[in-house]
Amino acid sequence: MGRPDLNRRQLLGGLGGLFVAGSFGFAALGTGADALASSADTRVRYWNLFSGGDGTNMIAMLDAFRKANPRIDVKDSTLQWGNPFYTKLAMAAAGNRAPDLGVMHLGRVPGFSPGRLLDPWDVGLLAKYGVREQDYNPTLWKRGVIDGKLYALPLDIHVQLCFYRKDVLKKAGLLGDDGRMIPVTSTTEWFDVLKKAKQVQKKGLQTIGLWTNDQNFQWWFFVAFYTQLGGTWFNDAHTEVTFDTDKATQVLEFLRRHVTDGYVVPGAPTGEQFVNGAPFTWEGNWSVPVFSGAKLDYGATPLPPVFGTQATHAESHAFVLPHQSGRGGATNEGAHELAAYVVKHALQWAAGGHIPAYTPTLSTAAYKKLAPQNEYVSAMDHQATEPKVWFAGSTGVLAQDLGPVVVSSTMGSAKPAAVAQRMKSRLTRLLASQNPMDGRTAAQGGAVA
């Protein structure tokens with residue numbers, strides 16, 4: 001792929017269609033040494049978007065790398081999560097001031113103009129430091145491949161989960177002999193589970209937290225259940241919308257029923273209600289440290305396969321190489337070595353609830369002892385992801401455009417069938433739209449593994 005010039009003016013002119021307005025209030029906080037360590041002969045500048053518990057775990061992993069590799073000085077900076085991060089990363093790459101290593105959500109990579117704003121990984125160099133394609137789930141690895149080159153090295157997958165209170169489910173007879181929630185394989189079984197749990201739960205609480213008025217969560221849930229039904233988005237050439245409105249309507253009616261049947265209190269604080277005794281909540285795996293810290297007797301499983309096929313929404317944090325006109329040499333090798341080290345030592349990362357992408361970690365005795373992580377690790381094999389197009393990915397245009405209409409159905413301000421038709425119309429418009437990064441449509445983008 002060629003690398004046409006992309007100057008700052010062109011980039012800023014196009015950002016309005018891709019990023020949230022007013023997102024230029026960046027914050028970059030370095031946690032590493034500001035000066036090149038006296039014993040180091042190579043510096044690697046690394047930008048990430050990890051805060052809270054994830055930030056703490058990442059710092060611990062970086063400190064371990066520094067101790068094991070004193071010849072490499074890591075200058076890490078944490079920027080504001082979401083669109084502000086992506087905006088600054090794009091501007092830095094376009095202006096040839098990019099860091100040596102960065103982190104992105106894997107779904108955002110096709111829209112980041114690989115070959116212009118991102119450089120490909122040297123898979124031979126990664127193999128030198130112990131990371132190979134065969135160490136990955138094949139589907140996850142291929143998501144980072146564009147035009148035959150690896151542009152994203154996955155660190156994890158983070159998934160939407162069904163958290164459940166074991167104390168409540170035990171009273172309702174909903175725990176199996178293994179102490180875990182009984183299997184659910186249909187919508188009928190799922191609503192029967194909710195009915196039984198509601199009969200024994202504390203008064204004044206909802207039965208399940210569903211983030212009914214949050215566009216991101218509702219979109220993630222929709223993606224999961226639409227995938228369970230075998231729903232597709234576009235043809236392989238990205239020239240035709242294949243979105244199935246009948247299947248979409250089934251999903252929307254399923255989500256809406258949680259409200260109409262009285263299992264959800266719209267707007268209720270989902271996590272707090274779960275801590276206080278609500279039987280269920282659907283949350284991202286990043287809630288594991290919160291619920292474990294509250295010392296709850298709980299479990300977590302992938303979203304129930306109510307439409308017969310297992311699939312739970314998944315995204316991935318992935319390492320990327322922001323474009324540098326002079327990339328190469330010791331600094332570039334140091335970036336490869338750092339990324340490979342973190343990927344291979346992700347047990348610390350798993351403590352935050354994420355599923356490590358490096359599959360040898362999953363078979364270790366230490367990982368198998370992690371609870372509830374060991375209960376939902378199977379999600380690696382049935383990931384429901386957004387389509388591989390420039391406008392998809394975490395907080396991307398697709399979620400911003402379709403998430404609110406899913407909310408309108410779940411909350412009851414619009415009928416599911418009408419919302420499904422509206423979603424197809426918006427997908428048609430998005431498919432024909434141009435990526436502001438390079439002026440190409442999804443069909444012209446070459447985002448093919």
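Helices (H or I, at least four residues) and strands (E, at least two) are DSSP runs, numbered from the N terminus. The model is predicted: local features need pLDDT of at least 70, side-chain atom pairs count only at pLDDT 80 or more, and totals for chains, interfaces and linings use all residues. Residues are numbered from 1 along each chain as its sequence is written, and side-chain values use heavy atoms, with hydrogens and water left out.

**Stop 1: Ser409**

Select helix α17 (residues 397-411), in which Ser409 lies. Ser409 counts as buried because its relative accessibility is 1%, where buried means under 20% relative accessible area, exposed over 50% and partly exposed in between (1.4 Å probe, protein chains only). Contact means heavy atoms within 4.5 Å. Beyond residues up to four places away in sequence, Ser409 touches Leu252, Arg256, Ala414, Pro416 and Val419. Now add Gln218: 191 residues separate Ser409 and Gln218 in sequence, and their C-alpha atoms are 9.9 Å apart.

**Stop 2: helix α9**

Continue to helix α9 (residues 245-260), whose 16 residues reach 22 Å from first C-alpha to last. This is close to the 22 Å expected at 1.5 Å a residue, the expected span being 1.5 Å times one less than the number of residues. Among the buried residues of α9 are Leu252, Phe254, Leu255 and Val259. The buried residues of α9 pack against α7 (187-200), β10 (208-209), α8 (215-228), β11 (280-284), α17 and α18 (416-432).

**Stop 3: the nonpolar cores**

A nonpolar core is a set of buried Ala, Val, Leu, Ile, Met, Phe, Trp, Tyr and Cys residues joined through side-chain atoms within 4.5 Å. The largest has 77 residues, and Tyr46, Leu101, Leu153 and Phe319 have the most contacts inside it. Select Tyr46 and display its partners more than four places away in sequence, including Met58, Leu62, Val74, Leu101, Phe319 and Leu338. Apart from the largest core lies another, of 61 residues, among them Phe191, Val193, Phe234 and Val259.

**Stop 4: His158**

Which strand holds His158? His158 has its place in strand β9 (residues 156-165). His158 is buried, with a relative accessible area of 8%. Leaving aside neighbours within four places in sequence, the contacts of His158 include His105, Asn285, Trp286, His313, Glu315, His317 and His354.
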